[in-house]
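Please look through the chain below before reading on. The text after it goes from the whole chain to single residues.

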Amino acid sequence: MRVVFFGSPEFALPTLEALSASEHEVALVVSQPARPVGRHARPSDPPVAARAKELALPVYQPETLRGEEPLARLASAAADLFVVVAYGRILGPRTLSLPRLMAVNLHGSVLPRWRGASPVQAALLAGDPETGVSIMKMDAGMDTGDVLASLRTPVLPGEDAPALSERLARLGAGLLLETLPGIERGTAVAVPQPSEGATLCPKVRREDGRVDWGSPAPALVRRDRAFRPWPGLFAFRSGRRVKLSGLTAVEASGPAGTVLTAGAALVLACGEGAVSVSSLTAEGRRELPAPEFVRGERVAAGEVWE
């Protein structure tokens with residue numbers, strides 16, 4: 001089949017690489033435009049565009065898919081199938097009508113749970129014991145299309161967002177390749193999503209990383225795992241932002257946000273229980289292990305962090 005692949009972040013790389021190594025022809029790779037990155041704001045391609053260029057695949061990086069020019073460019077690829085993996089833009093009805101067979105999306109959850117932009121983070125925040133991937137026939141809704149295939153996997157103890165994302169990306173790439181023959185033959189069965197069990201997950205925002213010390217300790221530990229590497233967790237000490245990483249729940253109690261132990265360990269009280277923090281970054285400083293941070297910043301028991 002002739003495939004047009006839409007994707008941008010690292011999550012989409014295993015599927016792109018699997019397709020390019022298969023018997024299918026990747027006629028075009030559509031990705032986000034290069035954006036300024038780093039202190040010098042040099043334009044940098046998203047991972048999918050960079051990898052596609054290394055593979056000598058044709059790449060198209062429009063600012064938008066709206067308008068006649070993007071539609072004409074996509075139509076000229078004469079695709080049998082569109083494959084979408086974390087592209088970052090909504091494909092409208094006219095775009096979805098272009099491929100001969102259909103447009104499919106690899107989504108990082110078992111639909112209808114966690115429709116939306118952040119299914120990996122949502123599963124970790126909720127403490128879901130398992131998650132998975134779905135291959136969905138795309139429609140005009142937000143992850144509401146009929147499901148062609150899905151695969152479940154346990155969330156491993158201590159697994160964080162980067163590790164879970166990488167594992168789901170590889171599972172999804174394999175599941176997609178297994179699904180393509182049925183799509184090509186016309187034998188794949190697309191099952192409507194049930195209405196019960198449907199949940200939504202919005203795009204993660206920078207401010208979502210702020211610690212709510214009134215939360216139970218296990219919830220903050222899950223938040224730490226879900227928001228690595230971005231936006232991370234942060235709190236305020238004497239009005240200055242401090243990034244926190246490597247939280248574990250411990251048996252201790254006190255007023256929420258209060259430093260209970262400041263020495264070989266840094267322990268802060270939560271709404272229920274307490275957390276030990278393994279590393280911290282003061283504003284404008286480098287990341288330090290908790291004991292070094294405590295010594296250098298003169299943290300004392302009894303302080304209250306916000």
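What follows is a walk through the fold, starting with overall figures and ending with backbone details.

The model is predicted. Its chain has 306 residues, of which 49% count as buried. The secondary structure amounts to 8 helices and 17 strands, and the C-alpha atoms fill a box of roughly 65 × 45 × 30 Å along the principal axes. Of the contacts between residues at least 6 apart in sequence, 64% join residues at least 24 apart. The chain exposes about 14800 Å², and carbon and sulfur atoms supply 53% of that area. There are 34 positive and 33 negative charges, and the mean positions of the two sets are 5 Å apart.

A sheet is a useful place to begin. Seven strands form an open sheet in the order E5-E2-E1-E6-E7-E9-E10, and the pairing is mixed. Strand E5 (59-60) and strand E10 (147-154) stand at the edges; each has a single partner strand, so one side of each lacks a neighbour in the sheet. At the E5 edge, strand E2 (residues 25-30) pairs with E5 in the parallel sense over 2 bridges, and valine 29 stands opposite valine 59 in E5. Helix H1 (residues 13-20) packs on the sheet, where it touches strand E1 (2-7), E2, strand E6 (81-85) and strand E7 (102-107). The direction of H1 makes about 165° with that of E1.

The loop between H1 and E2 holds histidine 24. Is histidine 24 buried or exposed? Its relative accessibility is 8%, so histidine 24 counts as buried. Leaving aside neighbours within four places in sequence, histidine 24 is in contact with Met1, Val3, Leu19, Leu180 and Glu184. The C-alpha atoms of histidine 24 and leucine 177 are separated by 9.8 Å, although the two residues are 153 apart along the chain.

Towards the other edge of the sheet, E7 and E9 run antiparallel and are joined by 4 bridges. Leucine 106 has isoleucine 135 in E9 as its bridge partner. Strand E9 (residues 130-137) has 6 of its 8 residues buried, so this strand is largely enclosed by the rest of the structure. E9 also pairs with E10, in the antiparallel sense and over 7 bridges; here valine 133 stands opposite leucine 151 in E10.

Strand E10 also contains valine 147. Although E10 is an edge strand, valine 147 is buried, with a relative accessible area of 13%. What is valine 147 in contact with, leaving aside its neighbours within four places in sequence? The contacts are Leu111, Ile135, Met136, Val189, Ala190, Val191 and Gln193. Between valine 147 and valine 259 there are 49 Å in space, C-alpha to C-alpha, and 112 residues in sequence.

Further along the chain comes another helix. In helix H7 (residues 217-226), the buried residues include Ala217, Leu220, Val221, Asp224, Arg225 and Ala226. The buried residues of H7 pack against two helices, helix H5 (119-126) and helix H6 (161-185), and against strand E12 (233-237), strand E13 (240-250) and strand E16 (274-282).

One residue of E16 is threonine 281. At 18% relative accessibility it falls under the 20% limit, and threonine 281 therefore counts as buried. Apart from neighbours within four places in sequence, threonine 281 is in contact with Arg241, Val242, Lys243, Arg286, Glu287 and Phe293.

Several loops carry backbone features to check by eye. The peptide bond from leucine 111 to proline 112 is cis, with omega near 15°, and proline 112 lies in the loop between E7 and strand E8 (115-116). Tryptophan 230 and proline 231 are also joined by a cis peptide bond, with omega about 0°; proline 231 is in the loop between H7 and E12.

Positive phi values occur at two residues that are not glycine, alanine 78 and serine 238. Alanine 78, with phi near 50°, is in the loop between helix H3 (68-75) and E6. Serine 238, with phi of about 50°, is in the loop between E12 and E13. Serine 238 has 75% relative accessibility, so it counts as exposed.

How values were computed: Residues are numbered from 1 along each chain as its sequence is written. This is a predicted model: local features need pLDDT of at least 70, side-chain atom pairs count only at pLDDT 80 or more; totals for chains, interfaces and linings use all residues. Side-chain values use heavy atoms; hydrogens and water are left out. Buried means under 20% relative accessible area, exposed over 50%, partly exposed in between (1.4 Å probe, protein chains only). Contact means heavy atoms within 4.5 Å. Accessible areas come from the Shrake-Rupley method with a 1.4 Å probe; for residues, only the protein chains shown count as cover. Lys and Arg count as positive and Asp and Glu as negative; His and the chain ends are not counted. The place of a charge is taken as NZ of Lys, CZ of Arg, CG of Asp or CD of Glu. Two strands pair if DSSP finds at least two bridges between them. Axes are lines fitted to C-alpha atoms, for helices over the stretch in contact, and angles run from 0 to 180 degrees between N-to-C directions.
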